[in-house]
Amino acid sequence: MKYRHLFFDLDHTLWDFDSNARVTLEAIYEDLQLKTRGIDDFELFYRNYLGHNEKLWERYRRGYIRQDELRVKRMWLSLLDFKIADDALSKAMSVQFLDLLPTRTILFPHAKEVLQYLKDKNYELHLITNGFEKVQHSKLRNSGLDIFFGEVITSEGSNSLKPNKEIFDYAFNKTGAVAATSIMLGDTLDVDIQGAINAGMDQVFVNHLGIKPEIKPTYMVNSLKELEEIF
């Protein structure tokens with residue numbers, strides 16, 4: 001067995017962030033009656049949120065903004081698209097979003113099935129995630145994924161972020177793994193795949209969106225089920 005330790009990303013790889021965010025934002029949209037405040041197109045609001053969230057996460061990964069700023073600003077900017085400048089509403093939405101989002105349980109197809117397959121083959125499974133400690137553990141517990149993973153390495157816990165080599169070094173120290181017998185599985189080329197390359201690890205690009213990769217990973221799959229052909 002070439003690999004012993006399999007390090008997974010969570011959001012967008014196993015846990016369907018976009019679908020879970022949509023359900024959560026719909027609940028907030030109804031609860032706070034955002035339609036009466038001028039947001040008459042939920043689909044546009046949701047798409048704008050995803051765009052702002054992605055750009056702010058990139059700034060967070062580069063160290064340009066803080067965690068608390070990311071959480072509120074993605075709501076602030078989404079509201080501002082509809083000409084709503086309301087600090088209190090942005091903060092209320094941020095709190096409600098972080099309360100509700102980790103309770104959502106939409107996973108990508110075959111997630112649990114494949115994780116069980118890998119466990120049965122005696123691979124040691126861990127997570128390396130740029131998400132926040134409390135939020136990520138809550139997602140894992142509520143979606144029933146926590147039982148599959150030995151160590152959960154977060155950006156908060158490691159004081160680093162993918163693609164920095166330091167978070168992978170921290171993961172190796174935490175798990176006793178070494179790069180030669182480890183592999184990273186994730187959906188983001190410049191974060192998961194490049195990060196693993198920086199750490200000297202092989203990689204699996206989990207390409208749910210079917211994009212053409214600019215970085216050549218060790219392996220590429222378009223669905224989690226295809227991992228059974230590699231391991």
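In the predicted model examined here, Val-206 has its place in strand 5. Val-206 is buried, with a relative accessible area of 1%, a value that falls within the class because buried denotes anything under 20%. Its contacts, residues up to four places away in sequence being set aside, are Thr-13, Leu-185, Gly-186, Asp-187, Val-221 and Leu-224. One of these partners, Leu-224, is 18 residues from Val-206 in sequence, and the two C-alpha atoms are 7.2 Å apart in space.

Strand 5, which spans residues 202–206, is joined to strand 4 by 4 bridges, and the two strands run parallel. Within this pairing, Asp-202 in strand 5 is the bridge partner of Ile-183. Strand 4 comprises residues 182–186, and 5 of its 5 residues are buried. In a regular strand, side chains alternate between the two faces of the sheet. On strand 4, Ser-182, Met-184 and Gly-186 occupy one side, while Ile-183 and Leu-185 occupy the other, and both faces are covered.

Strand 4 also pairs with strand 1, again through 4 bridges and in a parallel arrangement. Two of the residue positions in this pairing can be named: His-5 stands opposite Ser-182, and Phe-7 stands opposite Met-184. Strand 1 covers residues 5–8, and both of its faces are covered, with His-5 and Phe-7 buried on one side and Leu-6 and Phe-8 buried on the other. A further parallel pairing, over 4 bridges, links strand 1 to strand 2, which consists of residues 124–129. Here Phe-8 stands opposite Leu-127 of strand 2.

Residues of strand 1 also figure in the nonpolar interior. The largest nonpolar core has 49 residues, and those touching the most other members are Leu-6, Phe-8, Leu-14, Phe-149 and Phe-231. For Leu-6, once neighbours within four places in sequence are left aside, the contacts are Leu-118, Tyr-123, Glu-124, Leu-125, His-126, Ile-183, Leu-185 and Phe-231. A second core, separate from the largest, contains 13 residues, including Ile-128, Ala-177, Met-184 and Ala-199.

Ile-128 is also a contact of Ala-171, as are Phe-7 and Ile-153, with residues up to four places away in sequence not counted. Ala-171 lies in helix 8, which spans residues 165–175. Ala-171 is buried, its relative accessible area being 0%. Although 43 residues separate Ala-171 from Ile-128 along the chain, their C-alpha atoms are 7.4 Å apart.

Attention now turns to the helices. Helix 1, formed by residues 17–31, has 15 residues and reaches 21 Å from its first C-alpha to its last, close to the 21 Å expected at 1.5 Å a residue. Its buried residues are Phe-17, Asn-20, Ala-21, Thr-24, Leu-25, Ile-28 and Tyr-29. An α-helix has 3.6 residues a turn, so residues three or four places apart point the same way. The buried residues of helix 1 pack against helix 2 (42–61), helix 3 (67–80), helix 4 (87–100) and helix 6 (133–143). Just after helix 1, Gln-33 adopts a positive phi of about 50°.

Helix 4, one of the packing partners of helix 1, contains Ser-94. Ser-94 is buried, with a relative accessible area of 6%; it therefore falls under the 20% limit that defines the buried class. Residues up to four places away in sequence being excluded, Ser-94 touches Arg-71, Val-72 and Met-75.

The largest pocket has a volume of about 990 Å³. Its lining is made up of 38 residues, of which Asp-11, His-12, Glu-54, Asp-187 and Thr-188 lie nearest the centre of the pocket. Two or more lining residues are given by each of helix 1, helix 2, helix 6, helix 9 (189–198) and strand 5. Helix 2 supplies the largest share of this lining, with 6 residues. Asp-187, among the residues nearest the pocket centre, is also a contact of Val-206.

Terms used: Residues numbered from 1 in each chain as written. Predicted model: local features only at pLDDT ≥ 70, side-chain atom pairs only at ≥ 80, totals over all residues. Heavy atoms only, no water. Buried < 20%, exposed > 50% of the residue type's maximum accessible area, 1.4 Å probe, protein only. Pairing = 2+ DSSP bridges. Core = buried A, V, L, I, M, F, W, Y, C linked by side-chain atoms within 4.5 Å. Contact = heavy atoms within 4.5 Å. Expected span 1.5 Å × (residues − 1). 1 Å grid on protein atoms, 1.4 Å probe; cavity = no way out; pocket = protein on both sides within 12 Å on 5 of 7 lines; lining within 4 Å. Points joined across faces, edges and corners; volume = space filled by probe spheres on them.
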